[in-house]
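Dear colleague,

Please find below the structure that I am handing over to you. My notes on it follow directly after it.

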Amino acid sequence: MIRDFTGRVCVVTGAGSGIGRALAYELAACGARLELADIDAEGLRTTADRVARLGAAETHTQVVDVADRAAVQSWADATAARFGGVDLVVNNAGVALTATVEEMDWDDFEWLMGVNFWGVAYGTKAFLPHLRRSDAGHLVNISSVFGLFGVPSQSAYCAAKYAVRGFTESVRHEMRLSGSGVGVTTVHPGGVRTDIVRNSRAAIGRDKDEVVALHDSLSKTSAQRAARTILKGVRRGRARVFVGLDATAIDVGTRVLGSAFEPLVRRVSRRGAPLAPAPQSAAGPGSAPGTEGLSSLGERFTAGGYSDPVTDG
Ligand SMILES: NC(=O)c1ccc[n+]([C@@H]2O[C@H](COP(=O)([O-])OP(=O)(O)OC[C@H]3O[C@@H](n4cnc5c(N)ncnc54)[C@H](O)[C@@H]3O)[C@@H](O)[C@H]2O)c1
């Protein structure tokens with residue numbers, strides 16, 4: 001188990017923005033040795049400039065498309081060779097897409113699965129042999145609260161995040177059953193204030209600005225807070241980490257209510273939030289649903305008050 005990140009070799013994908021960038025900053029402040037990757041060279045440069053000032057012991061950046069299996073494999077091997085090993089890997093890079101199944105283009109669906117699912121699978125398989133060689137190897141895969149319940153117009157995203165959850169849980173069993181000391185953590189963030197929706201795709205006719213505004217107004221957790229929660233979970237060897245009270249509340253709500261949670265999702269989605277499907281008769285833009293529902297659900301279940309967002313599942 002990693003108790004202290006000082007001098008540890010920590011790999012973060014999607015480090016050019018949002019949660020990945022905040023993870024890089026937090027790890028730098030702990031004196032970690034950083035390998036940072038993103039498809040966005042400029043975002044990566046901005047992160048790298050700051051981590052140098054924050055105290056990272058050593059930093060290397062690499063432009064990598066996590067959906068490119070061969071690129072991820074050679075990057076993982078080069079990283080292990082460069083640093084002499086790898087202690088922590090956070091498969092964080094992700095994208096978003098708002099479209100009902102009927103609206104969705106196959107290209108968009110495959111693009112999302114490529115980054116959000118295959119990117120995590122490639123990163124896991126490429127880095128696992130190196131993590132096994134560490135005395136405290138740890139793998140973190142970022143799922144979402146959308147890996148806990150289905151959301152209208154988020155089928156691709158939910159599919160990828162449920163897949164990450166199942167995949168990571170299986171890896172966790174395999175590490176434990178094989179006697180490996182590699183820790184494995186699944187992370188389920190609720191709403192986090194980042195550019196994910198701004199960088200997202202939406203079906204033709206949907207108003208992306210509306211979804212962005214909604215996400216911005218309803219995401220209660222900062223990227224820094226999310227990063228701190230994730231790293232606290234790693235230090236404690238948690239199997240699952242819920243980021244934000246909304247995530248903790250949704251986890252409890254879905255488990256307590258089971259299938260009775262679904263009518264609740266539809267009720268909040270019908271309130272005109274931008275994730276709901278457009279009515280069949282109104283084939284126009286704009287009535288996409290979503291994040292409002294998510295937040296409302298979170299708020300309902302937060303009524304009981306949960307103080308620690310880091311929860312061992
Ligand atoms: N922000 C939220 O509310 C929220 C909620 C739940 C889960 N998440 C998850 O957290 C993770 C981080 O998201 P974020 O909110 O920081 O988003 P973000 O858009 O701020 O950052 C994502 C980063 O991933 C990079 N990226 C995208 N495609 C890539 C590719 N093919 N290869 C390499 N890098 C790529 C982007 O360039 C960007 O820098 C994602 O997996 C996301 O699904 C976010």
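The shell of residues around the ligand is made up of 12 nonpolar, 13 polar and five charged residues. Please bear in mind throughout that this is a predicted model.

**The ligand and its surroundings**

In total, 30 residues surround the ligand, and the closest of them are Ser17, Asp38, Asn92, Tyr157 and Thr194. Two helices, α1 (18-29) and α5 (155-177), each contribute at least two residues to this shell. The space that the ligand takes up is the largest pocket.

Three polar contacts to oxygen atoms of the ligand may be of use to you. In one, a polar side-chain atom of Tyr157 is placed 2.6 Å from a ligand oxygen. In another, a polar backbone atom of Ile19 is 2.8 Å from an oxygen atom of the ligand. In the third, the distance between a polar side-chain atom of His215 and an oxygen atom of the ligand is 3.0 Å. On its own the ligand has 830 Å² of accessible area, and the protein covers 94% of that area.

**Four loop positions**

I also looked at individual residues in loops, beginning with Gly31. This glycine belongs to the loop that connects α1 and β2 (33-38). Is Gly31 buried or exposed? Gly31 is buried, because its relative accessible area of 15% falls under the 20% cut-off. Asp4 is 27 residues away from Gly31 along the chain, and the C-alpha atoms of the two are separated by 9.4 Å.

Ser153 sits in the loop between β6 (138-142) and α5. Its phi is near 70 degrees, a positive value in a residue other than glycine. For context, most residues other than glycine have a negative phi. Ser153 also counts as buried, since its relative accessibility is 5% and the limit for that class is under 20%.

Gly181 lies in the loop between α5 and β7 (183-189). With a relative accessible area of 61%, Gly181 is exposed, because the class begins over 50%. Gly181 and His138 are 43 residues apart in sequence, yet their C-alpha atoms are 8.5 Å apart in space.

Finally, Ser200 is located in the loop between β8 (192-193) and β9 (201-202). Ser200 counts as buried, given a relative accessibility of 7%. From C-alpha to C-alpha, the distance between Ser200 and Val212 is 9.1 Å, with their positions 12 residues apart in sequence.

**In brief**

The ligand occupies the largest pocket, and the protein covers 94% of its accessible area. Of the loop residues described above, Gly31 is buried, Ser153 is buried and Ser200 is buried, whereas Gly181 is exposed.

With kind regards

Methods: Residues numbered from 1 in each chain as written. Predicted model: local features only at pLDDT ≥ 70, side-chain atom pairs only at ≥ 80, totals over all residues. Heavy atoms only, no water. Near = heavy atom within 4 Å. Polar contact = N/O pair within 3.5 Å; in protein donor to acceptor, adjacent residues only side chain to side chain. Areas by Shrake-Rupley, 256 points an atom, 1.4 Å probe, with all protein chains shown as cover. 1 Å grid on protein atoms, 1.4 Å probe; cavity = no way out; pocket = protein on both sides within 12 Å on 5 of 7 lines; lining within 4 Å. Sits in = over half its atoms within 2 Å of the grid points. Helix = DSSP H or I, 4+ residues; strand = E, 2+ residues; numbered from the N terminus. Nonpolar A, V, L, I, M, F, W, Y, C, P; charged D, E, K, R; others polar. Buried < 20%, exposed > 50% of the residue type's maximum accessible area, 1.4 Å probe, protein only.
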